[in-house]
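Open the model in your viewer and keep the sequence panel in sight. We will go from the whole chain to a single side chain.

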Amino acid sequence: MAQPLNELVVHGWDLASATGQPYAVDHQTAEAVHRLVSQQASSAGTPGLFGPSMTLPADAPLLDRVLGLTGRDPGWKA
């Protein structure tokens with residue numbers, strides 16, 4: 001269940017950001033996705049999954065840290 005949840009959260013953010021829509025996930029969902037992504041992410045990227053991870057401050061919102069681990073810039077807007 002964790003991988004499909006990851007897909008929904010991360011690609012949901014992609015779609016919301018690309019269309020200028022607000023996006024939020026509850027803390028429990030963000031924690032579950034963070035656990036999965038932290039195991040798969042790499043500063044060199046994870047071919048077929050993620051780009052090179054970005055390090056964000058520990059006090060950054062959890063969803064932002066998830067996005068950074070996948071190689072996405074949480075501040076990106078279309």
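The stops below run from the overall fold to one helix and then to one arginine.

**Stop 1: the whole chain**

Keep in mind that this is a predicted model. Show the chain as a cartoon. You should find three helices and zero strands. Start at the N terminus and follow the elements along: the order is α-α-α.

Now switch to the C-alpha trace. Along its principal axes, the trace spans about 30 × 25 × 25 Å. How does the radius of gyration fit a compact globule? A compact globule of 78 residues would have a value near 12 Å, and this chain has 11 Å, so the two agree.

Next, think about contacts along the sequence. Take the contacts with a separation of 6 or more: 49% of them join residues 24 or more positions apart.

**Stop 2: the surface**

Turn on the surface. The chain exposes about 4,700 Å². Carbon and sulfur atoms supply 59% of that area. Of the 78 residues, 32% are buried.

Color by charge. The chain has 4 positive and 7 negative charges. The mean positions of the two groups lie 1 Å apart.

**Stop 3: helix α3**

Select residues 62-69, which form α3. Is this helix mostly covered or mostly open? Mostly covered: six of its eight residues are buried. Show the side chains of Leu62, Leu63, Val66 and Leu67, which are among the buried ones. Gly68 and Leu69 are buried too.

Here is a helpful rule. An α-helix has 3.6 residues a turn, so residues three or four places apart point the same way.

What do the buried residues of α3 pack against? Select 2-18 for α1 and 27-40 for α2: both are partners.

**Stop 4: just past the helix**

Step off the end of α3 to glycine 71. Its phi is positive, at about 90 degrees.

**Stop 5: arginine 72**

Select arginine 72, in the segment after α3. Is arginine 72 buried or exposed? Its relative accessibility is 17%, and the cut-off for buried is under 20%, so arginine 72 counts as buried.

Now show its neighbors. Leaving out residues up to four places away in sequence, arginine 72 touches Val10, His11, Trp13, Asp14, Met54 and Leu67. Leu67 is one of the buried residues of α3.

Finish with aspartate 14. Its side chain and that of arginine 72 are joined by a polar contact of 2.6 Å. Aspartate 14 falls within 2-18, the range of α1.

Definitions and conventions. Residues numbered from 1 in each chain as written. Predicted model: local features only at pLDDT ≥ 70, side-chain atom pairs only at ≥ 80, totals over all residues. Heavy atoms only, no water. Helix = DSSP H or I, 4+ residues; strand = E, 2+ residues; numbered from the N terminus. Rg over C-alpha atoms; globule rule 2.2 N^0.38 Å. Buried < 20%, exposed > 50% of the residue type's maximum accessible area, 1.4 Å probe, protein only. Contact = heavy atoms within 4.5 Å. Areas by Shrake-Rupley, 256 points an atom, 1.4 Å probe, with all protein chains shown as cover. Lys, Arg positive; Asp, Glu negative; His and termini not counted. Charge placed at Lys NZ, Arg CZ, Asp CG, Glu CD. Polar contact = N/O pair within 3.5 Å; in protein donor to acceptor, adjacent residues only side chain to side chain.
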